[in-house]
Amino acid sequence: MTDLTGLRAIVTGGASGIGLATARLLAARGAGVAVFDLNPSDVPPPLLGLKADVTDDVSVRAAVGDAVEQLGGLDILVNNAGIGAIGTIEDNPDEQWHQVL
Ligand SMILES: NC(=O)c1ccc[n+]([C@@H]2O[C@H](COP(=O)([O-])OP(=O)(O)OC[C@H]3O[C@@H](n4cnc5c(N)ncnc54)[C@H](O)[C@@H]3O)[C@@H](O)[C@H]2O)c1
C-alpha cells in the first residue's frame, strides 16, 4: 500500500459517493485531506470538511486558501465533483450543457 504520510490533498465533491471513498482512502494511507462540498457538515474526522461550490471561483479560491492554511500545503487534487445530464444535445436546454461543462 502506497504510504502518503505527510502529503496534503483536496477532494472536491467528497462528502459522499466516490469522493468520500477516495478521501477516506487517502486519509487511511496517511494524507491530510480537505473535502470540498456544497454540504460538508457530515464529513467524518479526520477529514477536513470545507464548504465550496466548484462552479464558483470565489468560493473555490477561499476554500483552497483555508485548506492550504489548515493542512500546511497542498500536494494532491482529486477533481471529483461533477454534474451529469441525461438526454440528447438536441433535447436538453443550452443552460444545462453549460452547467455540465
Ligand atoms: N457513480 C457513477 O456511476 C459515476 C459514473 C461516471 C461518472 N461519475 C462522476 O463521478 C463523480 C462522483 O460521482 P458520485 O456517484 O460519487 O456522485 P455523488 O452524487 O454521490 O457525490 C457527488 C458529491 O459532489 C457534491 N457536489 C455536487 N455539486 C457540487 C459543486 N458544485 N461543488 C462542490 N461539490 C458538489 C455533492 O454534494 C456530493 O457530495 C461525479 O463527477 C460523477 O459525475 C459517477
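**Figure 1. Burial across the whole protein.** Of the 101 residues in the protein, 29% count as buried. The model is a predicted one. Along the principal axes, the C-alpha atoms fill a box of roughly 50 × 30 × 25 Å.

**Figure 2. The order of helices and strands.** The protein contains three helices and four strands. Read from the N terminus, these elements follow the order β-α-β-β-α-β-α. Strand β1 covers residues 8-12. Helix α1 covers residues 17-28. Strand β2 takes up residues 32-37, and strand β3 takes up residues 48-51.

**Figure 3. The β-α-β unit formed by β1, α1 and β2.** Strand β1, helix α1 and strand β2 together make a β-α-β unit. The unit is right-handed. Its two strands, β1 and β2, pair in the parallel sense. Five bridges join β1 and β2. To find one place where the strands face each other, look for Arg8, which stands opposite Gly32 in β2.

**Figure 4. Strand β2 and its two partners.** How many residues of strand β2 are buried? Five of the six are, so the strand is largely enclosed by the rest of the structure. β2 pairs with β1 over five bridges. β2 also pairs with β3, over four bridges. This second pairing is parallel as well. Here Val35 stands opposite Gly49 in β3. In a regular strand, side chains alternate between the two faces of the sheet.

**Figure 5. The shell of residues around the ligand.** The ligand has 13 residues around it. Which of them come nearest? They are Ile18, Asp37, Asp53, Val54 and Asn80. By type, the shell divides into six nonpolar, five polar and two charged residues. Two elements seen in the earlier views reappear here. Ile18 falls within the range of helix α1, residues 17-28. Asp37 falls within the range of strand β2, residues 32-37.

**Figure 6. Close polar pairs between protein and ligand.** Start at Ile18, where a polar backbone atom is 2.7 Å from an oxygen atom of the ligand. Asn80 also uses its backbone: an N or O atom there lies 2.8 Å from a ligand oxygen. Asp53 takes part through its side chain instead. One of its polar side-chain atoms lies 2.9 Å from a nitrogen atom of the ligand. On its own, the ligand has 830 Å² of accessible area, and the protein covers 55% of that area.

Terms used. Residues are numbered from 1 along each chain as its sequence is written. This is a predicted model: local features need pLDDT of at least 70, side-chain atom pairs count only at pLDDT 80 or more; totals for chains, interfaces and linings use all residues. Side-chain values use heavy atoms; hydrogens and water are left out. A residue is near a molecule or strand if one of its heavy atoms lies within 4 Å of it. A polar contact is a pair of N or O atoms within 3.5 Å; within protein, one must be able to donate a hydrogen and the other to accept it, and residues adjacent in sequence count only if both atoms are side-chain atoms. Accessible areas come from the Shrake-Rupley method with a 1.4 Å probe; for residues, only the protein chains shown count as cover. Ala, Val, Leu, Ile, Met, Phe, Trp, Tyr, Cys and Pro count as nonpolar, Asp, Glu, Lys and Arg as charged, and the others, Gly among them, as polar. Buried means under 20% relative accessible area, exposed over 50%, partly exposed in between (1.4 Å probe, protein chains only). Two strands pair if DSSP finds at least two bridges between them. A crossover is right-handed if, with the strands pointing away from the viewer, the path from the first strand over the helix to the second runs clockwise.
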